Amino acid sequence: MKKVCIVGYGAIGPVHAKALENVEQAQFYAICDIDADKRRLCREKYQVVEYDDFDTMLQDDKIDAVHICTPHYLHFEMIQKALTAGKEVVVEKPVTMTGEEYDRLLALEGSEKVCVVLQNRLNPCVQKMKELVESGELGAVKAAKGILTWYRDKAYYESGAWRGKWVTEGGGVLINQAVHTLDYFSYLIGDVVSVKANMFNYSLADAIEVEDTFTATVSFANDVKGIFFATNAYVENSAPFFEILFEKGTARYIDKQLWVNGQMVAEDVNPAIGKDYWGSGHEALMKRYYDGEKYFSVTDASNTMKTMFAMYDSAKAGGKEIAVLK
Ligand SMILES: NC(=O)c1ccc[n+]([C@@H]2O[C@H](COP(=O)([O-])OP(=O)(O)OC[C@H]3O[C@@H](n4cnc5c(N)ncnc54)[C@H](O)[C@@H]3O)[C@@H](O)[C@H]2O)c1
């Protein structure tokens, strides 16, 4: 049985805690957060060991694994220190905040063992889309389309000093909310080879530095094209939309159902832990990792992360085509 420390008990830390309740080979053992109120909330619910300092926590030999649920700018340094201390690492998306950090991570000893939280890959509809692509039953993929329209207001960005700033969040809707939708391109279709992108701040120019809206075209090998649109400037959090156009039909992931040529073939029915739109994959991902020794590695997440960083580079360069390097 692995003893786990959750680092960061803000919005997503409690989802990790709840998910671990049903994982046989892991025990939620300690919480590490710099915020005393967050630690108190956690202690009252789970009676776990408490740490207010990451480095001190790493010295606890009883802890086998750390779950990094902190703001983006802390991810790389925390992964690095945890690996050096001999801990297993489960890290929330985005794995790192910058492309430079990602390259350094890939080169780091032991980084291949890091488990990346891209839990939506395990949604039944996403798994079904993967099956359809891999089986080839609908012919080759011709194109794909991903759309995310969510709502984040000023109060959301003011809820954490790290939100909405380039140096601490690394971007806006793309790096934080839409990275899962972006991930479907690489996970389902294959490696993205180049992108052209633009970003805008339509609704929150007085509140955040980063973009609230992102558009892109993505290109794969063999002339397969993708279209991507994401915004936090809508009025509600609609279920993400993803479409794959095959030679012999279309698969549409809409309202948490997968429709192929007009017939529903899969549905995401499991109730989510936490916010409905986060999906229900955290528990599945942790069972897979601790009970099944299977996980999405930094290599598995590499094309998604590099596509995302290339999109920011393209948008900053006014939409110039940018290659996604290996
Ligand atoms: N997979 C998903 O669907 C999903 C959903 C939401 C958030 N996330 C990701 O989870 C991470 C955290 O996001 P959040 O929304 O929970 O943020 P948050 O601001 O709500 O929570 C972050 C927590 O980290 C703590 N913290 C900050 N610095 C710390 C330090 N040095 N040591 C220990 N604790 C520290 C804060 O006190 C806070 O409690 C981000 O990477 C985010 O993108 C993933």
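## Two domains

The domain assignment splits this protein chain into domain 1 (2–117) and domain 2 (120–278 + 298–323); such bounds come from an automatic or database assignment. Keep in mind that this is a predicted model: local features need pLDDT of at least 70, side-chain atom pairs count only at pLDDT 80 or more, and totals for chains, interfaces and linings use all residues. Residues are numbered from 1 along each chain as its sequence is written.

Taken over C-alpha atoms, the centres of domain 1 and domain 2 are 25 Å apart. Where they meet, 19 residues of domain 1 are in contact with 20 residues of domain 2. Here, "in contact" says that the C-beta atoms of two residues, placed from the backbone, lie within 7 Å. On the domain 1 side, α1 (13–20) and α5 (99–107) each supply at least two of the touching residues. The largest share, four residues, comes from α5. Sorted by class, that side of domain 1 has 12 nonpolar, four polar and three charged residues. For this sorting, Ala, Val, Leu, Ile, Met, Phe, Trp, Tyr, Cys and Pro count as nonpolar, Asp, Glu, Lys and Arg as charged, and the others, Gly among them, as polar.

A quick word on names: helices (H or I, at least four residues) and strands (E, at least two) are DSSP runs, numbered from the N terminus.

## Around the ligand

Which residues are the closest to the ligand? They are Gly8, Gly10, Ala11, Asp35 and Glu92, out of 25 residues that surround the ligand. A residue counts as near the ligand if its C-beta atom, placed from the backbone, lies within 6 Å of it. This shell divides into 12 nonpolar, eight polar and five charged residues. Domain 1 and domain 2 each give the shell at least three residues.

## The six-stranded sheet

One open sheet has six strands in the order β3-β2-β1-β4-β5-β6, with parallel pairing. Two strands pair if DSSP finds at least two bridges between them. The edge strands, β3 (49–51) and β6, each pair on one side only. From one strand to the next, the twist averages 25 degrees.

Let's look at one pair: β2 and β3 run parallel and are joined by three bridges. Isoleucine 31 stands opposite glutamate 50 in β3. Lying across β1, β4 (65–68) and β5 is helix α4 (residues 75–84), which runs at about 170 degrees to β5. Angles like this run from 0 to 180 degrees between N-to-C directions, with axes fitted as lines to C-alpha atoms, for helices over the stretch in contact.

## The nine-stranded sheet

The other open sheet has nine strands, ordered β14-β13-β12-β11-β7-β10-β9-β8-β15, and its pairing is mixed. β14 (263–267) and β15 (322–323) stand at the edges with a single partner strand each, so one side of each has no neighbour in the sheet. Two helices lie across strands here. Helix α6 (residues 124–135) lies across β7 (141–149), β11 (241–246), β12, β13 and β14, at about 120 degrees to β14. Helix α9 (residues 179–189) lies across β7, β8 (192–200), β9 (213–220), β10 (225–231) and β11, at about 160 degrees to β7.

Now follow β13. Strand β12 (residues 249–254) pairs with β13 (residues 257–260) in the antiparallel sense over four bridges, and alanine 251 stands opposite valine 260. Four bridges also join β13 to β14, again antiparallel, and here the partner of valine 260 is glutamine 263. β13 and β14 form a hairpin with two residues between them, and asparagine 261 in the turn has a positive phi of about 45 degrees.

## Leucine 258

Is leucine 258, a residue of strand β13, buried or exposed? Leucine 258 is buried, because 24 other C-beta atoms lie within 10 Å. The cut-offs are 20 or more such atoms for buried, 12 or fewer for exposed, and in between for partly exposed, with C-beta atoms placed from the backbone. Beyond its neighbours within four places in sequence, the contacts of leucine 258 include Cys125, Lys128, Ala251 and Val265.

## An enclosed helix

Why is helix α10 (residues 281–291) described as largely enclosed by the rest of the structure? Because eight of its 11 residues are buried. Among them are His282, Leu285 and Tyr289. The cover over the buried residues of α10 includes β1 (2–7), α1, β2 (26–32), β5 (88–92) and β6 (115–117). After α10 comes glutamate 293, with a positive phi near 55 degrees.
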